[in-house]
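Work through the exercises below with the sequence and the model open side by side. Each task is followed by a solution in steps.

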Amino acid sequence: MTPDEFRRCGRQVVDWIANYMETVEKYPVLAQVEPGAIRDHLPAAPPELGEPFPEIMRDVDEILMPGITHWQSPNFFAYFPANTSGPSMLGELLSAGLGVQGMLWATSPACTEIETHVLDWLVDMLALPDKFKSTGNGGGVIQDSASSATLCALLAARERATEFRSNTDGLPHRLTAYASVHAHSSVTKAMMIAGLGADNLRLIPADENQALRSSLLLEAINQDVAAGYRPFFVCGTVGTTAAGSVDPLAAIGRICAQHALWLHVDAAMAGTAAICDEFRFIHDGLDLADSYCFNPHKWMLVNFDCDCFYVAERTSLIRAMRVTPEYLENRATLTSEVIDYRDWQIPLGRRFRALKLWLVIRSYGVEQLRSLIREHVKLAREFAAWVDADPDFELAAPTVLNLVCFRHRGGDERNQRLLDDLNHSGRVFLTHAKIGGALALRMSIGQANTQRRHVEQAWELIRQAATAAAN
Ligand code: PLP
């Protein structure tokens, strides 16, 4: 593709995306296709000769679009949002155009320095503890996902607990980790990948607010110590996936300090809310954490993937991750004056993700991002009040921010039918969780295009579907 052809096709794609942004609401939110339906339309073999660009775009419309679930639809209330935005897409395009691979400072100094700087900005934007800034002993790095951040935190904790000898002396089998029953499954996965075993993760019961019970955490740690295990890691969650609940970080942090355990805080979805003063309570006790992560790719208008991962003391992470073959040696690294982000993550190579984050923050400004969060929380609270006032429904957990967990009083089967009917209608998309042993529907209000009328319509559809499901 010549630069001129790129200009022509690029304009076509930008126009296509702009049209999509204007019309996304008209599509069924959840893709209404059966498994294999998209592949059935694809040729068995790749083309020998290149095809004209308009033909490829025609297939995007005709073959791909029916198989797309529309995460950018204002009627998307499932999982947690994965918002995109104009500035973010343009940042992504610039990143692809530059084609930079930023494994070392030397492989593109701007890639590293913008990332370091923007992650320091975010410490101030979210009023995170100063120890997470790169100007002290800590610092932030962009990971692809919260799962990777949690894995990196766990590996650094494992190495710190074993005095960085697990690679030479072998892995201790009796290292134990702790998280709430509502912690994300990525904590279990991290234990599996780290070679420590899912069985050595203790899932601590939650209280009536679905937050980890710190007294039971302490009990579990004491029992493990008495049985000869070595507790080393706790993951606290701010905004659990199932219930949106917030673990008591201060109480957990004190226990971790007492037992020299690494405290990682996973605020994948909810962390963004801390750009608003009034929601900063979610981070009470965060000053006791060793590491922290949140996902701008959920609620901060940065398209997937972008997780911001912070450590209070970067040496443990770097020592856990650093391997330097001869071919990566360079003068800048030897001076120790630069950050080489390859030592802060699992892969060697890395994309210039900071560009999209930088463009989003600069284009919207912090105030506009705050307004978005405030609007979503306001809508969620209104929705929760409607549920609460309806005798057929009940709230399944307190609504802390923008996730409303609720259920029909008719039991699991009725709720499952209700959910299936709603999602098959294509007019809204919600997902579910188990809370207190019973099915709950999750109304996650965080899509950037969602307005009050979409939330009203969703509630109307839910009530209609509930009536229909009864017949
Ligand atoms: N942690 C929490 C609390 C989540 O809700 C999620 C996903 O929704 C994750 C971690 C995983 O996020 P990622 O896809 O960035 O790994």
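**Exercise 1. State which helices each supply at least two residues of the shell around the ligand, then describe that shell.**

Solution.
- Step 1. In this predicted model, two helices meet the condition: helix 5 (146–161) and helix 10 (296–299).
- Step 2. List the residues around the ligand, taking a heavy atom within 4 Å as the criterion. They are F80, S145, A146, S147, H184, G239, T241, D266, A268, N295, H297 and K298.
- Step 3. Sort the shell by class: 7 residues are polar, 3 nonpolar and 2 charged.

**Exercise 2. Find side-chain N or O atoms that approach an oxygen atom of the ligand, and state how much of the ligand the protein buries.**

Solution.
- Step 1. Take 3.5 Å as the limit for a polar contact.
- Step 2. T241 places a polar side-chain atom 2.9 Å from a ligand oxygen.
- Step 3. For H297, the distance from a side-chain N or O atom to an oxygen of the ligand is 3.4 Å. For K298, a side-chain N or O atom is likewise 3.4 Å from a ligand oxygen.
- Step 4. The ligand taken alone exposes 390 Å², and 86% of that is buried by the protein.

**Exercise 3. Which pocket does the ligand take up, and what lines the largest pocket?**

Solution.
- Step 1. The ligand occupies the space of the second largest pocket.
- Step 2. The largest pocket holds about 1100 Å³ of space.
- Step 3. Its lining has 42 residues, and I17, M21, T84, S85 and M89 lie nearest the centre.
- Step 4. Assign the lining to helices: helix 1 (3–23), helix 2 (53–64), helix 3 (86–98) and helix 13 (354–389) each give at least two residues. Helix 1 has the largest share, with 11 residues.
- Step 5. By class, the lining of the largest pocket comprises 28 nonpolar, 13 polar and 1 charged residues.

**Exercise 4. How many cavities of 30 Å³ or more are there, and which residues line the largest cavity?**

Solution.
- Step 1. The count is 1 cavity of 30 Å³ or more.
- Step 2. The volume of the largest cavity is about 80 Å³.
- Step 3. Its lining consists of F80, G239, A243, G244, M269, A270, W299, V400, L401, N402 and L403.
- Step 4. By class, this lining has 8 nonpolar and 3 polar residues, and no charged ones.
- Step 5. Compare with Exercise 1: F80 and G239 line the largest cavity and also belong to the residues around the ligand.

**Exercise 5. Examine the backbone in the loop between helix 10 and strand 7 (307–311).**

Solution.
- Step 1. Locate L301, which is in this loop. Its phi is positive, about 65°, although L301 is not a glycine.
- Step 2. Go on to D305, also placed in the loop between helix 10 and strand 7.
- Step 3. Check the peptide bond joining F304 and D305: the bond is cis, with omega about 10°.

Technical notes: Residues numbered from 1 in each chain as written. Predicted model: local features only at pLDDT ≥ 70, side-chain atom pairs only at ≥ 80, totals over all residues. Heavy atoms only, no water. Near = heavy atom within 4 Å. Polar contact = N/O pair within 3.5 Å; in protein donor to acceptor, adjacent residues only side chain to side chain. Areas by Shrake-Rupley, 256 points an atom, 1.4 Å probe, with all protein chains shown as cover. 1 Å grid on protein atoms, 1.4 Å probe; cavity = no way out; pocket = protein on both sides within 12 Å on 5 of 7 lines; lining within 4 Å. Sits in = over half its atoms within 2 Å of the grid points. Helix = DSSP H or I, 4+ residues; strand = E, 2+ residues; numbered from the N terminus. Nonpolar A, V, L, I, M, F, W, Y, C, P; charged D, E, K, R; others polar. Points joined across faces, edges and corners; volume = space filled by probe spheres on them.
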